[in-house]
Amino acid sequence: MVATIVSPKVMLVGGGAVSRVAELLKTLRLSRPLVVTDPFMVSSGLIRRVLDPLAAAGLNPPVFSDTVPDPTDTVVEAGVAVLRAAGAIDGLIGFGGGSSLDTAKAIAILAAGGGKMRDWKVPRTADLDALPIVAIPTTAGTGSEVTRFTVITDAERNEKMLIAGLAALPVAAIVDYELTYTVPPRTTADTGIDSLTHALEAYVSRRANPVSDTYALRAMALIARNLRTAYAEPRNAVAREAMMLGATLAGLAFSNASVALVHGMSRPIGAHFHVAHGLSNAMLLPAVTRFSLPAALPRYAEAARAMGVAHEEDTDEVAARKLLAELEALNRDLAVPSPKTYGLDEAAWRALLPTMAEQALASGSPANNPRVPTKEEIIALYEEVWAA
């Protein structure tokens with residue numbers, strides 16, 4: 001087996017790394033980037049963590065701050081318009097949560113390839129000669145800073161589109177855990193389970209390989225041992241650093257092995273009901289894991305051991321049971337609601353089940369699952385998690 005592994009050219013990792021953003025741009029020979037962020041980063045002043053060191057180096061880049069949660073193709077088109085109006089832009093800086101990073105990636109793809117965002121969704125591959133992206137995450141979750149993926153919602157069709165290709169792979173990432181100190185507990189929980197899901201799905205994926213396995217196992221170890229602490233103690237530097245590193249390693253894992261059924265089913269929930277991506281992953285993770293276990297029992301058992309919830313001497317069956325128990329306990333400890341208790345409309349949920357199942361399958365992610373589901377099995381899983 002020959003595995004193709006992709007990652008950014010450069011990563012600055014550690015507390016305070018963002019202060020070296022101007023130095024990084026100089027190394028990359030970039031002098032006029034467009035900064036892509038969201039309104040909160042601007043209103044809270046957090047954007048100064050990027051703009052101040054750039055200003056000290058004589059750089060005053062334009063800022064596009066209209067990114068929204070679950071970014072849409074219309075927002076991407078607006079970003080492309082700003083990029084073109086700004087003139088000689090030679091790169092993009094994505095600063096913020098996964099939505100800002102995904103928007104920066106999509107702007108680069110659309111600016112280079114033209115057309116509509118839907119023209120670039122999988123199975124098409126966005127391997128384009130696009131503007132380089134420097135990704136600076138402010139949450140420990142999506143791993144977007146190191147992946148070749150972006151997820152954009154088609155506003156007209158109400159569909160979350162997976163877009164993959166080298167044009168979406170950042171040329172560099174700045175992974176600074178100190179940027180996560182102000183992240184609220186709910187976001188810490190949701191993004192943390194998102195990163196755990198990335199690592200677990202990469203490890204059991206049909207496209208897993210020895211390199212992605214190495215990233216995934218270490219990511220699960222870091223995240224499982226530190227997520228509850230980061231949730232309860234937002235200023236705990238040890239936990240925050242571990243979560244940030246775990247999220248980045250999980251991103252490297254799934255960028256090179258792909259995600260699976262949880263993500264395939266999660267995207268339609270976000271598109272139709274506007275549930276945060278990490279939260280919808282958390283709603284689905286225990287049920288989908290239970291469904292998938294028989295097809296990859298040794299892998300799930302090894303994941304449990306890596307997470308520290310099973311012992312080396314445990315049989316695979318015992319370890320897998322402990323993994324399921326831990327995923328359910330994690331949801332309880334982090335106050336993850338079911339779709340029902342979250343307040344989603346039951347009639348709309350049930351009416352959309354066939355559509356959501358079709359969209360999940362069309363994304364391609366379920367095909368990577370160790371147990372590949374039918375449409376009917378996906379519908380049954382959606383029904384199971386409704387009031388779980």
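Is the crossing of α7 and α11 left-handed or right-handed? It is right-handed. The model on screen is a predicted one, and this tour starts at that crossing.

**Stop 1: two helices**

Select residues 210-232, which form helix α7, and residues 297-307, which form helix α11. The two helices pack with their axes 7 Å apart, at an angle of about 50 degrees. An angle between 35 and 65 degrees falls outside the roughly parallel and roughly perpendicular ranges, and α7 and α11 are therefore oblique to each other.

Now show the side chains where the helices meet. On the α7 side, pick Asp213, Leu217, Met220, Ala221, Ala224 and Arg225. Their partners in α11 are Arg299, Glu302, Ala303, Arg305, Ala306 and Met307. By type, this contact between α7 and α11 is made of 7 nonpolar residues and 5 charged ones, with no polar residues.

**Stop 2: Asp213**

Stay in helix α7 and centre the view on Asp213. Is Asp213 buried or exposed? Its relative accessibility is 12%, and buried means under 20%, so Asp213 counts as buried. Select Tyr203, Ala208 and Arg299 next: Asp213 is in contact with these three, leaving aside neighbours within four places in sequence.

**Stop 3: the largest nonpolar core**

Move on to the largest nonpolar core, which has 79 residues. To find your way in it, select the residues with the most contacts inside this core: Ile193, Leu200, Met220, Met265, Leu284, Trp349 and Tyr382. Met220 was also on the α7 side of the contact at the start of the tour. Which helix gives the most to this core? Colour residues 237-255 to see helix α8, which supplies 10 residues.

Next, zoom in on Trp349. Not counting residues up to four places away in sequence, Trp349 touches Ile269, Phe273, Pro339, Leu344, Met356, Tyr382, Val385 and Trp386.

Another core, of 26 residues, lies apart from the largest one. Select Ala104, Ala106, Ile133 and Ile152, which are among its residues.

**Stop 4: Met283**

Finish in helix α10, residues 277-292, where Met283 is found. With a relative accessibility of 7%, Met283 counts as buried. Leaving aside neighbours within four places in sequence, Met283 is in contact with Val275, Val336, Pro337, Ser338, Pro339, Tyr342 and Val385. Pro339 and Val385 are also touched by Trp349.

For a last exercise, draw a line between the C-alpha atoms of Met283 and Glu156. These residues are 127 residues apart along the chain, and the two atoms are separated by 26 Å.

How values were computed:
Residues numbered from 1 in each chain as written. Predicted model: local features only at pLDDT ≥ 70, side-chain atom pairs only at ≥ 80, totals over all residues. Heavy atoms only, no water. Core = buried A, V, L, I, M, F, W, Y, C linked by side-chain atoms within 4.5 Å. Buried < 20%, exposed > 50% of the residue type's maximum accessible area, 1.4 Å probe, protein only. Helix = DSSP H or I, 4+ residues; strand = E, 2+ residues; numbered from the N terminus. Contact = heavy atoms within 4.5 Å. Axes fitted to C-alpha atoms, helices over the stretch in contact; angles between N-to-C directions. Parallel < 35°, antiparallel > 145°, perpendicular 65-115°, else oblique. Left-handed = near helix turned anticlockwise from the far one by under 90°. Nonpolar A, V, L, I, M, F, W, Y, C, P; charged D, E, K, R; others polar.
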